Amino acid sequence: MKVLGINAVFHDPAAALVIDGVTVAAAEEERFSRRKHGKPPVAFSTWELPEQSMAWCLAEAGIEPAALDAVAYSYEPDLAFQPNGDITAAEWEGLRTLYARRAPLFLSTALPGLDPDRVRWVPHHVAHAASATFASGFDPCGVLVLDGRGERASHLAGRSSGGTLEILAAQRLPHSLGLLYEELTAHLGFRRSSDEYKVMAMASYGEPEFIDAFRDLVRTDGRGGFAVGDVDLSSFAPALAPGAEFTPRHAALACSVQRRLEEILLELAGWLHARTGDRDLVMAGGVALNCVANSRLWRDGPFERVWVQPAAGDSGTALGAALQVAHELGDAPAPMESAALGRGWDDTALARRLATADVAFERPADVADAVAEALADNQVVAWFQGRSEFGPRALGHRSLLADPRRHGNLEKLNDIKGREQFRPVAPMVLAERAGEIFDGGPIPSPFMLFTHRVRPDWAERIPAVVHVDGTARIQTVDREQEPLMARCLERFEARTGVPVVVNTSLNTAGRPMVDDPRDALECFGSSPVDLLAIGPFVVRRAGIAAGSESAERAAA
Ligand SMILES: [Fe+2]
């Protein structure tokens with residue numbers, strides 16, 4: 001069966017193509033449109049489809065829209081607010097419902113030849129759940145969807161067995177952990193529904209001074225759900241203007257909400273485990289990108305294994321909806337081995353692109369070794385290899401790499417990316433070495449969805465990647481799955497004795513991650529990155545020769 005999954009409601013529009021149960025392509029629209037998060041999550045934008053990512057998924061597999069057995073749309077208008085003729089009621093929610101219901105018409109316009117009767121709606125949280133249950137390969141397993149909102153609910157707790165989802169609890173709106181965290185994000189001067197990870201970073205600068213108040217305000221209900229009371233964030237710390245410096249009270253507020261969120265997740269997981277007794281838990285939904293909470297759940301929760309969908313936000317519902325419908329049509333969805341499901345280019349196409357850009361490039365005998373040499377020389381490297389990642393994390397395909405031994409590289413990378421200096425950058429480590437250097441989180445951790453403690457004897461050796469609270473959000477690199485990156489780490493260790501490099505996403509502030517070779521060249525040309533490793537080729541910044549360390553760099 002050929003099933004195209006679509007996320008078009010709210011934001012992070014995306015498309016995914018599943019053929020005979022195998023995910024052959026998945027991509028977010030922002031990587032094509034170069035508009036961060038694709039579109040605003042307002043009712044008016046619901047008609048807008050991920051047209052470029054849909055078209056690319058089909059082209060990648062060489063199929064026409066008419067060949068699709070189904071299109072899975074990750075929102076069920078029948079479950080949503082019903083407009084009763086007045087689409088302006090309830091803050092235009094009726095418009096969202098109307099547009100979702102008309103999706104077959106929009107889709108058959110965007111994909112000429114598609115039979116509109118092939119479009120199926122999948123409830124938003126069923127799609128999130130499927131993105132974790134099927135993609136994890138865990139069966140049976142407990143599943144938690146922790147979201148801002150779906151049609152009428154903000155969360156789902158259930159059990160999946162043999163591909164069948166049993167929903168055990170679903171918390172109805174307005175109670176929402178995701179929306180509470182979004183409120184806090186906006187209160188702290190960041191972009192709502194986008195910058196939540198900045199709050200998580202800020203939380204580690206504070207103490208949970210207001211935890212008692214949040215224990216009163218946010219409570220589980222003993223039935224698998226929870227209630228969020230009327231929270232006046234200003235009573236804890238005044239609202240921050242965008243870009244304003246945060247105070248200890250703001251950090252304390254962030255820390256208090258973060259800690260309470262962790263406690264609530266532990267209680268929800270405890271309730272689920274008591275009902276099902278399963279060994280494994282899988283998670284999705286935007287809140288499941290909270291890697292600090294995920295690690296707390298892994299450490300202190302009742303489940304032995306915890307798997308989180310790397311595209312846990314709404315883009316992942318495109319994949320989940322496709323997997324769910326593939327299952328309903330009789331296919332057995334295969335687990336997701338890698339997040340590298342986006343666009344890729346062969347060497348010839350890359351060479352052609354570099355020639356068109358008229359930049360000097362070379363083809364070293366071993367690009368992984370050439371990059372390791374540059375990193376050991378304290379250069380910053382843009383690493384563009386293979387297919388791009390599905391989901392918000394750079395996992396060694398569209399990454400910025402640097403030497404973790406120099407603390408100054410944290411500031412340097414934040415400057416390159418135009419980010420706040422309190423934001424951490426993350427380490428990438430050879431999977432078989434990770435346990436020597438990190439603990440307190442699951443290993444392997446290939447998708448950067450958990451934080452780990454840096455062992456004390458290593459913290460001084462890799463200061464650039466150690467967050468203020470002594471943790472790091474690691475990515476473990478498996479030799480079989482990521483042979484090129486693994487070789488780069490190995491060659492870096494041969495030079496420095498350290499099997500770790502700094503990894504952050506390849507983009508500059510406010511822009512989506514680099515996706516195609518032209519994006520890579522634009523990013524390289526407009527920021528002080530020393531070397532671009534693109535496929536087997538390297539492009540050096542003028543004036544930097546292989547193996548040279550300038551006096552200025554040595555002093556840094
Ligand atoms: Fe969602």
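This report describes an iron site, a strand with its neighbours, and two helix regions in one protein structure. The model is a predicted one.

**The iron site**

The iron ion has protein donors from His-124, His-128, Asp-147 and Asp-314, at 2.0 to 2.8 Å from the ion. Each histidine contributes its NE2 atom, whereas Asp-147 is listed with two OD entries and Asp-314 with one. Along the chain, these donors follow the spacing H-x3-H-x18-D-x166-D. Asp-147 and Asp-314 link distant parts of the chain, being 167 residues apart. Asp-147 belongs to the loop between β6 (141–146) and β7 (155–161), while Asp-314 belongs to the loop between β12 (305–308) and α11 (316–328). Both Asp-147 and Asp-314 are buried.

**Strand β15 and its partners**

Strand β15 spans residues 426–430, and five of its five residues are buried. In a regular strand, side chains alternate between the two faces of the sheet. In β15, one side carries Ala-426, Met-428 and Leu-430, and the other carries Pro-427 and Val-429. Both faces of the strand are covered. The table sets out the two strands joined to β15.

| Partner strand | Bridges to β15 | Direction | Bridge partners |
|---|---|---|---|
| β20 (residues 500–505) | Four bridges | Antiparallel | Pro-427 of β15 with Val-502 of β20 |
| β19 (residues 475–477) | Three bridges | Parallel | Met-428 of β15 with Gln-475 of β19 |

**Helix α2**

Helix α2 covers residues 51–61, and its buried residues are Ser-53, Met-54, Trp-56, Cys-57 and Leu-58. An α-helix has 3.6 residues a turn, so residues three or four places apart point the same way. The elements covering the buried residues of α2 include the strands β1 (2–7), β2 (14–19) and β3 (22–28), together with the helices α1 (30–33) and α4 (103–110). After α2 comes Gly-62, which has a positive phi, near 70 degrees.

**Helices α9 and α10**

Two packed helices are described by the angle between their axes and the distance between the axes. For helix α9 (residues 248–276) and helix α10 (residues 291–300), the axes come within 9 Å and cross at roughly 45 degrees. Because of this angle, α9 counts as oblique to α10. The crossing of α9 past α10 is right-handed. On the α9 side, the contact is made by Gln-258, Arg-259, Glu-262, Glu-263, Leu-265, Leu-266 and Ala-269. On the α10 side, the contributing residues are Val-292, Ala-293, Arg-296, Leu-297 and Asp-300.

Note on methods
Residues numbered from 1 in each chain as written. Predicted model: local features only at pLDDT ≥ 70, side-chain atom pairs only at ≥ 80, totals over all residues. Heavy atoms only, no water. Buried < 20%, exposed > 50% of the residue type's maximum accessible area, 1.4 Å probe, protein only. Pairing = 2+ DSSP bridges. Donors = N, O, S within 2.8 Å, 3.2 Å for Na, K, Ca; no water. Contact = heavy atoms within 4.5 Å. Axes fitted to C-alpha atoms, helices over the stretch in contact; angles between N-to-C directions. Parallel < 35°, antiparallel > 145°, perpendicular 65-115°, else oblique. Left-handed = near helix turned anticlockwise from the far one by under 90°.
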